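Here is a friendly walk through a structure you may not have met before. Have a look at it first, and then read on.

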Amino acid sequence: MKASTLKLIGYIVLLLVILNLILFAFVVTNWIVFWIVIAIAFIFVKWGLPKLKEKVK
């Protein structure tokens, strides 16, 4: 896995969180779905992304 792929994954997660916020603002999703997506994104960025970063080295 290259560093550019890792950067792309990070941007995709950021895009999903922003899209989630927009959908929540327009009341397309409810607050439970909003917080589940935020929690999954946090867990991935906190623990998943560093493990992927170690594989790049």
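What follows goes from the whole chain to its helices, and then to single residues.

Before we start, bear in mind that this is a predicted model, where local features need pLDDT of at least 70, side-chain atom pairs count only at pLDDT 80 or more, and totals for chains, interfaces and linings use all residues. Residues are numbered from 1 along each chain as its sequence is written, and side-chain values use heavy atoms, with hydrogens and water left out.

Let's begin with the big picture. The protein is built with two helices and zero strands; helices (H or I, at least four residues) and strands (E, at least two) are DSSP runs, numbered from the N terminus. Put a box around the C-alpha atoms along the principal axes, and you get roughly 40 × 20 × 10 Å. The radius of gyration is 13 Å, while a compact globule of 57 residues would have one near 10 Å. That radius is taken over C-alpha atoms, and the globule rule is 2.2 Å times the number of residues to the power 0.38.

How much of the protein counts as buried? Of its 57 residues, 14% do. Here, buried means under 20% relative accessible area, exposed means over 50%, and partly exposed is in between (1.4 Å probe, protein chains only). The accessible surface adds up to about 4800 Å², and 78% of that belongs to carbon and sulfur atoms. These areas come from the Shrake-Rupley method with a 1.4 Å probe, and for residues only the protein chains shown count as cover.

Now follow helix α1, which covers residues 3-25. With its 23 residues, α1 reaches 33 Å from its first C-alpha to its last, close to the 33 Å expected at 1.5 Å a residue. The expected span is 1.5 Å times one less than the number of residues in the helix.

Which residues of α1 are buried? They are L6, V13 and N20, and they pack against α2 (31-56). Take N20 as a closer example: it counts as buried because its relative accessibility is 5%. Leaving aside neighbours within four places in sequence, N20 is in contact (heavy atoms within 4.5 Å) with T29, V33, F34, V37 and I38.

Other α1 residues see more of the outside. I9 sits in this helix and counts as partly exposed because its relative accessibility is 21%. I22, also in α1, is partly exposed too, at 41%. L15 is another α1 residue, and it is exposed because its relative accessible area is 57%.

Some distances help you get a feel for the layout. From I9 to N30, 21 residues along the chain, the C-alpha atoms are separated by 26 Å. I22 and K46 are 24 residues apart in sequence, with 23 Å between their C-alpha atoms. For L15 and K2, 13 residues apart along the chain, the C-alpha separation is 20 Å.

The outside has a feature worth finding on your screen. A nonpolar patch on the surface is formed by L8, Y11, I12, L14, L16, I18, L19, I22, L23, F26 and V28, with about 1100 Å² of accessible area together. Patches are made of residues with over 30% relative accessible area and no salt bridge; like charges are joined within 9 Å, and nonpolar side chains (Val, Leu, Ile, Met, Phe, Trp, Tyr) within 5 Å. A salt bridge, in turn, is a side-chain nitrogen of Lys or Arg within 4 Å of a carboxyl oxygen of Asp or Glu.

Finally, look at the loop between α1 and α2. V27 is found there, and it has a positive phi of about 60 degrees although it is not a glycine. Most residues other than glycine have a negative phi. V27 counts as exposed because its relative accessibility is 69%. T29 is in this loop as well, but T29 is buried because its relative accessible area is 18%. Not counting residues up to four places away in sequence, T29 touches N20, L23 and F24. That brings us back to N20, the buried α1 residue whose contacts include T29.
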